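Grab a coffee and work through a few exercises on this model. Try each task yourself before reading the solution below it.

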Amino acid sequence: MTETLAHRRVLLVIGGGIAAYKALDLIRRLRERGASVCPVLTAGAQEFVTPLAAAALAGERAHTDLFDRASEAEIGHIKLARQADAVVVAPATANLMARMAGGHAADLATTILLATTLPILIAPAMNVQMWAHPATRRNRAVLEGDGVRIVGPNAGRMAEPESGPGRMAEPNEIADALERMLGAPAGDRLLAGRRVLVTSGPTHEPIDPVRYIANRSSGRQGHAIAAAAAAAGAAVTLVSGPVALPDPPGVAIVRVETARQMLAAVEEALPADIAVFAAAVADWRPEQEAGSKKIKKDGTGPAPMPLVENPDILATIARRPSGRPPLVVGFAAETDTVVEHARAKIARKGCDLIVANDVSAEGGVMGGVDNTVHLIRRDGAVETWPRLGKDEVARRLVAHLAGLLAG
Ligand code: CTP
């Protein structure tokens with residue numbers, strides 16, 4: 001067996017169901033693939049398997065209590081939630097899924113699941129009717145929307161006489177799903193140990209309580225970059241304007257609305273090794289701060305709306321006298337003479353690299369899934385990539401940035 005999970009650390013949350021006994025086998029399978037496993041058992045799980053059995057198979061202690069003097073002194077539950085590459089929940093009972101979807105933090109397992117920014121994989125196991133219940137279906141949709149990955153359940157015979165979907169996926173299937181979720185093997189984790197900051201999405205600049213200035217940015221490219229950087233092993237903070245996208249797995253997300261809030265969140269998130277400014281920040285905002293009253297028509301036509309310029313977040317960070325990230329990357333949306341405009345933008349903003357995309361109507365980039373980009377470096381070198389999906393652009397960009405940083 002090749003060690004496809006070598007150097008990976010898995011926090012394994014074992015829920016309280018009959019399938020908990022299979023979680024013991026899962027520990028074995030994960031270790032066979034080279035991973036280290038830190039078991040966490042809910043109170044329910046301990047009705048089926050003992051912490052001692054989990055600890056013996058994992059070769060390290062199993063955690064059970066939120067207020068555990070020994071582990072609070074040694075590492076604490078928040079650190080437990082960070083010091084791994086992924087969290088696997090197996091079996092994920094209907095109750096555990098409901099508590100995850102509701103954001104509960106009632107015991108060690110749910111506190112870790114709420115506090116973690118790591119990618120999460122769950123292996124549901126429950127009675128057929130419970131899996132089919134609208135409440136479980138709702139919880140599942142909520143969890144998927146939050147970026148949680150799901151493996152199984154499988155159809156087949158269960159402890160009860162009914163059969164149908166509800167049986168936990170087999171340990172090897174869970175390990176396979178974990179490999180897929182973690183993407184590149186450890187050797188390809190180009191940004192391990194690096195901190196990456198990404199801005200994404202549009203900003204909304206309020207005119208009054210109901211109206212705002214915005215643009216058509218979907219946030220897809222920025223979110224894909226954050227996800228790709230996390231998959232490459234970086235600790236990623238994503239500062240996002242309002243978007244309708246799920247949070248990328250394994251990323252710490254800070255949600256903002258306006259350009260000024262985005263700048264403050266970016267400054268808060270520094271230091272970073274790489275900062276990628278993919279957000280389509282509104283250049284201007286209404287000079288008049290939005291009050292609590294809606295602006296009404298009074299029959300004399302629209303009132304003038306003077307605008308003021310927003311802070312340029314990219315230029316502010318690229319020109320920081322101290323604490324400037326070693327690699328500052330800007331984006332440029334251009335409709336013509338893409339490369340020339342991008343070169344001028346590098347000089348104006350003081351960044352190291354511009355990713356220029358053609359947003360002319362023929363390009364269909366704004367809000368679309370594909371992107372044709374040119375990479376323009378400060379020394380003037382240009383690299384043009386073929387039309388690619390935004391996820392692939394993100395992966396290539398992350399590899400390119402890792403090369404520059406190492407370089
Ligand atoms: N940017 C920023 N803060 C702003 C405006 C832009 O951080 N207030 C960043 C964007 O995230 C992007 C780059 O600067 O990385 C884009 O620069 P911008 O001057 O807005 O270029 P375009 O959007 O291409 O527009 P224009 O051609 O009008 O300059």
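**Exercise 1. Where does P271 lie, and what kind of peptide bond joins L270 and P271?**

Step 1: Place the residue. In this predicted model, P271 falls in the loop between helix 11 (259-269) and strand 13.

Step 2: Check the bond. L270 and P271 are joined by a cis peptide bond, with omega at about 5°.

Step 3: Look for another one. A90 and P91 are also linked by a cis peptide bond, and there omega is about -5°. P91 belongs to strand 3 (residues 86-92).

Step 4: Put it in context. Most peptide bonds are trans.

**Exercise 2. Find the phi values of H7 and T337, then say how exposed each residue is.**

Step 1: Start with the angles. H7 has a positive phi, near 65°, and is not a glycine. T337 isn't a glycine either, and its phi is positive at about 35°.

Step 2: Recall the usual pattern. Most residues other than glycine have a negative phi.

Step 3: Locate them. H7 is in the segment before strand 1 (9-14), while T337 is in the loop between strand 16 and helix 13.

Step 4: Apply the cut-offs. H7 has a relative accessible area of 72%, so it counts as exposed, which takes over 50%. T337 comes out at 43%, so it is partly exposed.

**Exercise 3. Buried, exposed or partly exposed: sort A214, H374 and A275.**

Step 1: Take A214, in the loop between strand 10 (212-213) and helix 10 (220-231). Its relative accessible area is 37%, so A214 is partly exposed.

Step 2: Move to H374, part of strand 19 (residues 373-377). At 14%, H374 falls under the 20% cut-off and is therefore buried. The side chain of H374 makes a polar contact of 2.9 Å with the side chain of T384.

Step 3: Finish with A275, in strand 13 (residues 274-277). Its relative accessibility is 0%, so A275 is buried.

Step 4: Try two distances. A214 and A155 are 59 residues apart along the chain, and 47 Å separates their C-alpha atoms. A275 and L190 are 85 residues apart along the chain, with 16 Å between their C-alpha atoms.

**Exercise 4. Which residues come nearest to the ligand, and which elements supply at least two residues of the shell around it?**

Step 1: List the neighbours. There are 15 residues around the ligand, and F277, A279, L314, F331 and K345 come nearest.

Step 2: Sort the shell by class. Nine residues are nonpolar, one is polar and five are charged.

Step 3: Trace the elements. Helix 12 (313-318), strand 16 (327-334) and helix 13 (338-349) each supply at least two shell residues. Strand 16 gives the most, with four.

**Exercise 5. How is the ligand held in polar terms, and how much of it does the protein bury?**

Step 1: Go through the backbone. A ligand oxygen atom is 2.6 Å from a polar backbone atom of A279. For A333, a polar backbone atom is 3.0 Å from an oxygen atom of the ligand.

Step 2: Add the side chain. An N or O atom in the side chain of K349 is 2.9 Å from a ligand oxygen.

Step 3: Work out the cover. Taken alone the ligand exposes 580 Å², and the protein buries 78% of that.

Step 4: Name the site. The ligand sits in the second largest pocket.

Note on methods. Residues are numbered from 1 along each chain as its sequence is written. This is a predicted model: local features need pLDDT of at least 70, side-chain atom pairs count only at pLDDT 80 or more; totals for chains, interfaces and linings use all residues. Side-chain values use heavy atoms; hydrogens and water are left out. A residue is near a molecule or strand if one of its heavy atoms lies within 4 Å of it. A polar contact is a pair of N or O atoms within 3.5 Å; within protein, one must be able to donate a hydrogen and the other to accept it, and residues adjacent in sequence count only if both atoms are side-chain atoms. Accessible areas come from the Shrake-Rupley method with a 1.4 Å probe; for residues, only the protein chains shown count as cover. On a 1 Å grid over the protein atoms alone, a cavity is a set of points where a 1.4 Å probe fits but cannot get out, and a pocket is an open set with protein on both sides within 12 Å along at least five of seven lines; lining residues have an atom within 4 Å of a point. A molecule sits in a cavity or pocket if more than half of its atoms lie within 2 Å of its grid points. Ala, Val, Leu, Ile, Met, Phe, Trp, Tyr, Cys and Pro count as nonpolar, Asp, Glu, Lys and Arg as charged, and the others, Gly among them, as polar. Buried means under 20% relative accessible area, exposed over 50%, partly exposed in between (1.4 Å probe, protein chains only).
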